[in-house]
Each structure stands twice: as C-alpha cells, then as structure tokens.
Amino acid sequence: MATKLNLSAPSDSDLSSLADQTASSRSINRSLRVAEKERRKNEAEDPFVLALKYFSDVEAGTPLFGNDEFEKNLVLVERLAYSKGLSPEAISIMLEFAMSLRMGNAPCVRVLKCLIPTTVVPQGAVVRAVVWLGVGKIPINTQILFIKWVLTVFDLIDAKDQLRAVYGFIFSFVTDENLCPFICHLLYLLTRKESVRVFRVRKLLELQSKLGRQPFLLHLLSLYKVFCPELVTLSIPSRMRSGFRNYNSPWKSALIAVQKRNGSQVASSTSLPFTIKDKTNPRKRKHCHLELPVLSSLVNKQAQTELSSSRKVVPLVQLHSLTQLLENMHRIELPAQMGSLLGSSLALQYLDCVQDESALLRLNFWLGYALHEEFLFCGDGGGSQTSEEALQFLDKLLSSQHFLQESFSSSEAFLYKFLSVWDGSLLRPQILSLLSNIPVVPSSQIGRLLFEPLMQLFFTSSLFFKCGLMECLSNMLLKWLTWHSVYALEDDLDISLNSHTSINMTLSGFKDSVMELVHFVGRLASVGLQLEGCHSLLLSFILDFYEAVCDTFLKYGLPLVVMPPPGVFYPALFSLDPVSVDRLAFIMYRYKVNLTSAKTQEKVTEQAFHISRQTFREFNQYLVVMVNCLWNSKMFNPGMGVQLGEELLLKSNVPQYWTSFDLIHHPAFMSYAVDFHQQCWPGRKDMDFNSIKHSKPWSWYLEYLYSQGYDGLKQFVPTP
C-alpha cells in the first residue's frame, strides 16, 4: 500500500519542475502583455494611424479651407501611399471619406489619386463606393476617375462576388453618355451568363441606335452574345478594333513604383500584369505588360471556399493533372487574369477541349491590349529595344498557338497593324513565326493587309530577311493547306478555317486566297533572285515553297495547280548548286503526277475540277526545256524557253554550245563528270566528255549521279 502511495504522489523534483513551468508561463504572458501594450502605444503615437483616425472620424460639413489639420494628415497619407502603398484598411477608410463627400468635392479627386494599394483592395470598400455613385452629388469627372481607378485595380480586388451582386445597379449607369464607355468596360469584366437579361440587351441596343456602333457597346454585346446567342440577334463584326481605350491612368506608374520597392512580396500576393526590372538605362523602354500573370483564382481563399460549396465550382489553379481537369471540366472557374492561361498547359488543354467562347473573348481582349500597348502605342516608335521580356512574351505566345494549332484573333489583328510600322529587324524570328500562323485571309483583303507591307520590307531588306520571309510564307501556305484538308466538309461547299472564330469561306474563296499567295511569292521570288544574284540560299527557301505548291491536289486535296514563274524556273535550272537542280527535277515530277491524276479524274468523274490549257502549256514548255537541256543536249534550239541569236552564240566561241547545260557540262554537275571520267578511264590524260555520251557510259553515269542521292533526277526521267 505504501508502495502504491509513493507511486501516485508527485516527487519533490516534479513539484519543482511544475513550479518552474508556471513561473516561465507567467513570465511569457507578462512579456506578451508588455509587448502588446507597447505596440498599442506606438500605434497611438504613429502619425499615419492618427491620420487615418482623422479621416475616419471627421464629420460631414467640416470646413476645408484653412484647415491645417486636414492638409497635414492628407500629405502624410499621400507620402506613404506613393512610397509604400496603402494597406487594405487604409484603402477602405480613404475611399469611404472621398466618396461620402464629407468635406465637399474638392478633396475627392486628390484622395482618389493616392489610393495605391500595397497588397489587395477590399471588395466591400469598392461596393460601398459604388453605392455612393447613386447619391447624385459626386461630379461626373470624379465619377469617371473613380471608375478608372476600379478598372486599374480590378485584378487586385480580393473578391468579385459582391460586385457581381450589384451588377444591375452598375448597369443602370450606362445611360450616362460620359460614364458609358467606362461602365461598359467594368461590366465586361464582371459579366457572367446569369448577368445577361433581355432588358439589358434591349437597353444596349437602344444606346447603340442613339450613340452609333460604338466599340465599347459592341464588345459588351459580343460577350452577351457568347453567353446567350438567342438574346442578341445583332450581327457582331468578326474583326473589331479595341473596344475599350487605353487611358493613361494616374495610378499605373505609382503602382509600378510601389511594386518595385516592395519587391517580391507584392508579386507573390497579387497578380499584377506587369513587373519591374532594374533601371539600367533611363531611355530604355520597360515592357510593362509583357510579364504573364500568375495563375490565380478570381476570389480570395475564404470567399473561394464559400463559393465552391455553394456553386460547386473548382478554380483552375487547384487542378494539377489532366485527370483532374477531365473530372471537373464543366465546373471550372477561370482565373482572375486571362493572360495567365498562356503560362499553363492545363489551361490550354481546357481551352482546346471546351472551346469556351467567353474565355477566348477575354483572353483575346487581354492579349490585344498587351500587344498594342507594348508594340504599337508605345512612345519610342514600336519598342526599339529587343528586351528579354518581349522575347519571352512572344515565345510563350507562339508556344501557346502551336499547342492549340491556331492563332488568336487579337494577335492576327495586331500583326496587320504592326507590319505597316515594322522595320523588319525588331524581334524578326518571333514576328515572322506569328505571321506564319495567321488563318486564311480573303483574297479581297490579302493584298492590303499582307502583300503591300511585306513587299516593301522584302525589297528593302537584307538577304537573310528575304530568306526568313520565304520560310514564313512557306509555313503559312502549309498551314492553310493543312487546315483545308482537315476542316473541309464532305460536300466541298464550305470550309471552316478556324474552330474558335466565325470565319467561314467557300471553297472557291479559299482557292482564290491560296492562288493570290502563290502568285505573290512568285513575284517576290523572281525579283528577289535578280536582286541577290540568284543566291543559292534564297533559291533553296523558294524551292521549299514550291515543293508544297506542286502537291496541292494529291497531298492536300485542293483542286488547284499553279506553275512557278520563269523567274524561278530558269534560275533553278541553271543554278551552280546541283541540289537546286535536283530539287527542281523533283518538283516537276510532282507537277506531272498531280496533273496526270487531275486529268484522269476529269475524264472519269463529273465533279473533277477543270485545269486550264495555259497550265498544261506552261508545264509542257518547262518539261521540254529540262529534257532537252539536261538529257538531249539541245540547248538554245528553236522553241526553247531561252533563245539567243545564232550570231551571238558563234561570237561566244563556246564549242558545241548546245551541250553547255546537259548533265555532263552543266556547271553544277561538271565535278561529277570529271570524277566519273577518271574512274572509268583512269589511264587517259586528256578529258573527253563526249565519251560519256555513248550508250553504256551514259547509263553508268546516270546511275552514278543517282547513287549520289539525286533522287529528283531519277524520278523525273526514270531509267529503263
């Protein structure tokens, strides 16, 4: 029993340890109380806290003029706002003070201009400020300034659910002509499917009949039509210029400066669409809109949990695998900034699978704004510095387009404008790659939009730009032909060229566009070869283009055959590079196969397309020239494409001039003829090329050329 009592009773050491712990706990609590008391004392003495308390407690009707206390407190708030930014609590207090007009209209504008958030903007403060607009006492210029501020900090607002709850109240301000452009922009950002109602569509249409086809009205109506096409019967143009103007907001530069001072803390807690780099050159332009925002949710985490439970939505940022994406495909909530989709492979998968028109509309709006702001509307004439930000932005855009296998309509509209001011060197690989991705342009517009600016650049640029442009146009043609072969309908009446746009084109219209492109490249190639002295590098890129053109019928199913112009055919035939001659032979062989197949179908089926006699005449002319030149040694005979006077040929003192361009004497194959002659007749000291023309040596020589990899020559005239 004594043993049990001893086991249950605490020892002296245990009692001592317990007393020490109690004393330590009391000491910690006392330290915390002292620290809290000191913090409150410091806050009470902090001039900024006192300034906020002043604006929070100031009564309505307090005089402004001669009020030194007001001036001192506002200067203090402005100084901190422009240096470090304002906390959410400070934003709420100052915004409430400004919009309530407690001290009249005069300080309102000044206070609004210093509302620079350091992290986020409380949604409740914005909602209360919007409600103050309905009081009717705020001047119209101040109302516009407030809406501009909301648009500037829209992506920093911590949630949007309460703002969407007062969507109808905000919509009521569209009837004010001065506010209408800005209200439409705000509504565009807040609109969801449940926001679209018949009476709102009618009101917008009434405004359009009154104000005309204003871009901001058309863009809002286009979003309404995406959500509810049955309510908006208005025809929306497939290509519209930017609907919401880029206003120079007074907060933009201040936000950038605050972000720079606060460093990564701001960037991690918000998703600003711009990033600041160290300023090494005061004259160097900073690309403020080219940093892709981080993929984040529309709302903060607390609001996100409430919305997810009530609406059963899943933020895209919470998905990490394709399996999760497929399981939640129809419950996905899009991010706050649509530009962040370009940096996420899962987001691109979502766009490709669902083809959400509203998401594409928002993404195109963001992308168009960034491209126009940084490359068209900038102050240095188009962004003269090839910055790392611009390269990364365009590379990310290109990778996204390659993933989706189609271009964005906003990048297409940007390119049409940018080509007219482009110098041909700024970001050349990226611009040419973007250009090669554009969808088919109608033949009535392709000259004005593409050919005129490209022709000016081609004839005034270097050899390497000419080669790059030829490669770009080759890729463009291949993508056009691929789109045709994939999206062509069975009845061959209409083809849909872009699954994310409303572009539809008849087969004849598509053929006209392709034909215009082929003829345009033919003109560029002919003149370009003359300007560059038939450079073999340029000729190689030109032949790449015609390797696609010669197979348009059999390989891509397009009933069209266009022959190369003489300015391309003859420089390739007389080229000093044997590879170019061989590639020309392969191209002519493919033309022969395509024409033969088309002619056969024309005789068998009634639906086959008709090939003009001029096309057959051109092909036969080229065929005769090549055979007589390379095989038959009948160069410069009557009826050949290249004719010289007999007297001039005799004055040249070239023996047997009619054999100058056969496979033995052709400058491109002379070295092969010499090597073949030495192998066949190693003991001969004199070089007699005529001995190769005998029956057996000639067939051996052809086999020798074919063994060197010149399959184009072998296919053009196969050996028996």
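A residue counts as buried when its relative accessible area is under 20%, as exposed when that area is over 50%, and as partly exposed in between. With that in hand, welcome to this structure, which is a predicted model.

## The whole protein

Let us start with the overall picture. The protein has 720 residues, and 49% of them count as buried. Its secondary structure comes to 33 helices and four strands. The accessible surface is about 35400 Å², and carbon and sulfur atoms hold 53% of it. Looking at contacts with a separation of 6 or more, 71% are made by residues 24 or more positions apart.

## The nonpolar cores

In soluble globular proteins, nonpolar side chains tend to be buried together. Here, the largest nonpolar core has 133 residues, and those with the most contacts inside it are L435, L450, M588, Y591, L663, F669 and Y701. Helix 24, residues 463–487, gives the most to this core, with twelve residues. To see one member up close, take L450: leaving out residues up to four places away in sequence, L450 touches Y416, L419, L435, I438 and V441. Another core lies apart from the largest one; it has 82 residues, including F55, I116, V126 and L217.

## Aromatic rings

Which way do the rings face each other? The model has 27 aromatic pairs. Two of them are set out here.

| Ring pair | Distance between centres | Angle between planes | Arrangement |
|---|---|---|---|
| F569 and Y570 | 5.0 Å | 85° | edge-to-face |
| Y672 and Y710 | 5.5 Å | 90° | edge-to-face |

Both pairs are called edge-to-face because planes over 60 degrees apart count that way. F569 and Y570 are both buried, and Y672 and Y710 are buried too.

What does the pair of Y672 and Y710 tie together? Y672 lies in helix 31 (residues 670–680), while Y710 lies in the loop between helix 32 (695–707) and helix 33 (711–716), so the pair ties together parts that are 38 residues apart in sequence. These two tyrosines also belong to a wider group: ring pairs link F669, Y672, F676, W698, Y701, Y704 and Y710 into a cluster. Two members of that cluster, F669 and Y701, are also among the residues with the most contacts inside the largest core.

Some rings have a charged partner instead. The charged end of K160 sits over the ring of F154, 4.9 Å from the ring centre. In the same spirit, K466 lies over the face of F458, at 5.5 Å from the centre of that ring.

## Two positive phi angles

Most residues other than glycine have a negative phi. L101 goes the other way, with a positive phi near 55°. L101 is found in the loop between helix 5 (88–100) and helix 6 (106–113). Q405 also has a positive phi, of about 60°, although it is not a glycine. Its place is the loop between helix 20 (388–404) and helix 21 (409–418).

Is each of these residues buried or exposed? L101 has a relative accessible area of 16%, which is under 20%, so L101 is buried. Q405 has a relative accessible area of 63%, which is over 50%, so Q405 is exposed.

## Three residues to visit

E96 lies in helix 5. Not counting residues up to four places away in sequence, E96 touches R102, R128 and W132. With W132 there is also a polar contact of 3.3 Å between the two side chains. E96 and A125 are 29 residues apart along the chain, and their C-alpha atoms are separated by 7.1 Å.

S436 is in helix 22, residues 428–436. Its relative accessibility is 4%, so S436 counts as buried. A polar atom of the S436 side chain lies 2.7 Å from the backbone oxygen of S433. Leaving aside neighbours within four places in sequence, S436 is in contact with C472, N475, M476 and K479.

R331 lies in the loop between helix 17 (322–327) and strand 2 (332–333). With a relative accessible area of 37%, R331 is partly exposed. The side chain of R331 makes a polar contact of 2.4 Å with the side chain of N328. The C-alpha atoms of R331 and L316 are separated by 9.4 Å, and the two residues are 15 residues apart along the chain.

Terms used. Residues are numbered from 1 along each chain as its sequence is written. This is a predicted model: local features need pLDDT of at least 70, side-chain atom pairs count only at pLDDT 80 or more; totals for chains, interfaces and linings use all residues. Side-chain values use heavy atoms; hydrogens and water are left out. Buried means under 20% relative accessible area, exposed over 50%, partly exposed in between (1.4 Å probe, protein chains only). Rings of Phe, Tyr and Trp (its six-membered ring) pair if their centres lie within 6.5 Å; planes under 30 degrees apart count as stacked, over 60 as edge-to-face and the rest as tilted. A charge sits over a ring if NZ of Lys or CZ of Arg is within 6 Å of the ring centre and within 35 degrees of the ring normal. A nonpolar core is a set of buried Ala, Val, Leu, Ile, Met, Phe, Trp, Tyr and Cys residues joined through side-chain atoms within 4.5 Å. Contact means heavy atoms within 4.5 Å. A polar contact is a pair of N or O atoms within 3.5 Å; within protein, one must be able to donate a hydrogen and the other to accept it, and residues adjacent in sequence count only if both atoms are side-chain atoms. Accessible areas come from the Shrake-Rupley method with a 1.4 Å probe; for residues, only the protein chains shown count as cover.
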